[in-house]
Amino acid sequence: MEEITYTEAVLQEYKVGMGSFTEKLPDVARSFHAFTESCFEDGKLDQKQKQLIALAISVHAHNEYCIVYHTKGCLDAGGTEEEMIEAIGVAAALGGGSAMSQGVTVWQDSLKDFKGTVQ
């Protein structure tokens, strides 16, 4: 049996949870997805900038699911490791050591897993 990575496990766990939520509250799930998709459309900020903001907020909020998701979003939008670490530094400036710990653990694990599969 093939071993799955940390990020694959986190993303699968989220996917299962959202699937269950969608079954129980399909209208709310549909509205939520439409809202978030519209928030990430290009506007005055492009998708890469929005993904970097989302990554920083995720680090500040200690949300490992969102850290993983938005790390992939940053990579998919052309974000570099340097841009992401800078966004994490800003999150740590506002969120202190607890935000920094998320950035130097969850984010680095995610980046390591995604490197080579994206970019």
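A nonpolar core is here a set of buried Ala, Val, Leu, Ile, Met, Phe, Trp, Tyr and Cys residues joined through side-chain atoms within 4.5 Å, where buried means under 20% relative accessible area, exposed means over 50%, and partly exposed covers the range in between (1.4 Å probe, protein chains only). In the largest such core, which has 18 residues, those that touch the most other members are Leu-55, Val-59, Ile-67, Met-84 and Trp-107. The structure is a predicted model, in which local features need pLDDT of at least 70 and side-chain atom pairs count only at pLDDT 80 or more, while totals for chains, interfaces and linings use all residues. Residues are numbered from 1 along each chain as its sequence is written, and side-chain values use heavy atoms, with hydrogens and water left out.

**Core and helices**

- The elements that give two or more residues to the largest core are H3, helix H4 (64-76) and helix H5 (81-114), where helices (H or I, at least four residues) and strands (E, at least two) are DSSP runs numbered from the N terminus.
- H5 gives the most to this core, contributing nine residues.
- In soluble globular proteins, nonpolar side chains tend to be buried together.

**Buried positions and long-range pairs**

- Gly-103 has its place in helix H5 and counts as buried, because its relative accessibility is 0%; its C-alpha atom is separated by 8.4 Å from that of Ile-67, although the two residues are 36 residues apart along the chain.
- Cys-74, which lies in helix H4, is likewise buried, with a relative accessible area of 0%, and the C-alpha atoms of Cys-74 and Gln-51 are separated by 5.2 Å, with their positions 23 residues apart along the chain counted as the distance apart.
- Ala-77 lies in the loop between H4 and H5 and counts as partly exposed at 30% relative accessibility; Ala-77 and Leu-55 are 12 Å apart in space, C-alpha to C-alpha, and 22 residues apart in sequence.

**Salt bridges**

- The structure holds three salt bridges, a salt bridge being a side-chain nitrogen of Lys or Arg within 4 Å of a carboxyl oxygen of Asp or Glu.
- Glu-83 forms a salt bridge with Lys-48, and the closest N and O atoms of this pair are 2.8 Å apart; Glu-83 lies in helix H5 and Lys-48 in helix H3, so the pair ties together parts that are 35 residues apart in sequence.
- Glu-83 counts as partly exposed at 27% relative accessibility, and Lys-48 is also partly exposed, with a relative accessible area of 22%.
- Arg-30 forms a salt bridge with Asp-27, with the closest N and O atoms 2.4 Å apart; both residues lie in helix H2, three residues apart, which is about one turn of the helix, and both are exposed.
- Asp-76 and Lys-72 meet through their side chains in a salt bridge of 3.0 Å, N to O, and both lie in helix H4, four residues apart, or about one turn of the helix.
- Asp-76 counts as partly exposed at 48% relative accessibility, while Lys-72 is partly exposed with a relative accessible area of 29%.

**Surface patches**

- Patches are made of residues with over 30% relative accessible area and no salt bridge, with like charges joined within 9 Å and nonpolar side chains (Val, Leu, Ile, Met, Phe, Trp, Tyr) joined within 5 Å; accessible areas come from the Shrake-Rupley method with a 1.4 Å probe, and for residues only the protein chains shown count as cover.
- A patch of negative charge on the surface gathers Glu-37, Glu-41, Asp-42 and Asp-46.
- Asp-42 has its place in the loop between helix H2 (26-39) and helix H3 (47-61), and counts as exposed because its relative accessibility is 54%.
- Phe-21, Leu-25 and Val-28 make a nonpolar surface patch of about 240 Å².
- Leu-25 is found in the loop between helix H1 (6-24) and H2, and is partly exposed, with a relative accessible area of 41%.

**Backbone detail**

- His-62 has a phi near 60°, a positive value in a residue other than glycine; His-62 lies in the loop between H3 and H4 and is partly exposed, with a relative accessible area of 37%.

Key: Lys, Arg positive; Asp, Glu negative; His and termini not counted. Charge placed at Lys NZ, Arg CZ, Asp CG, Glu CD.
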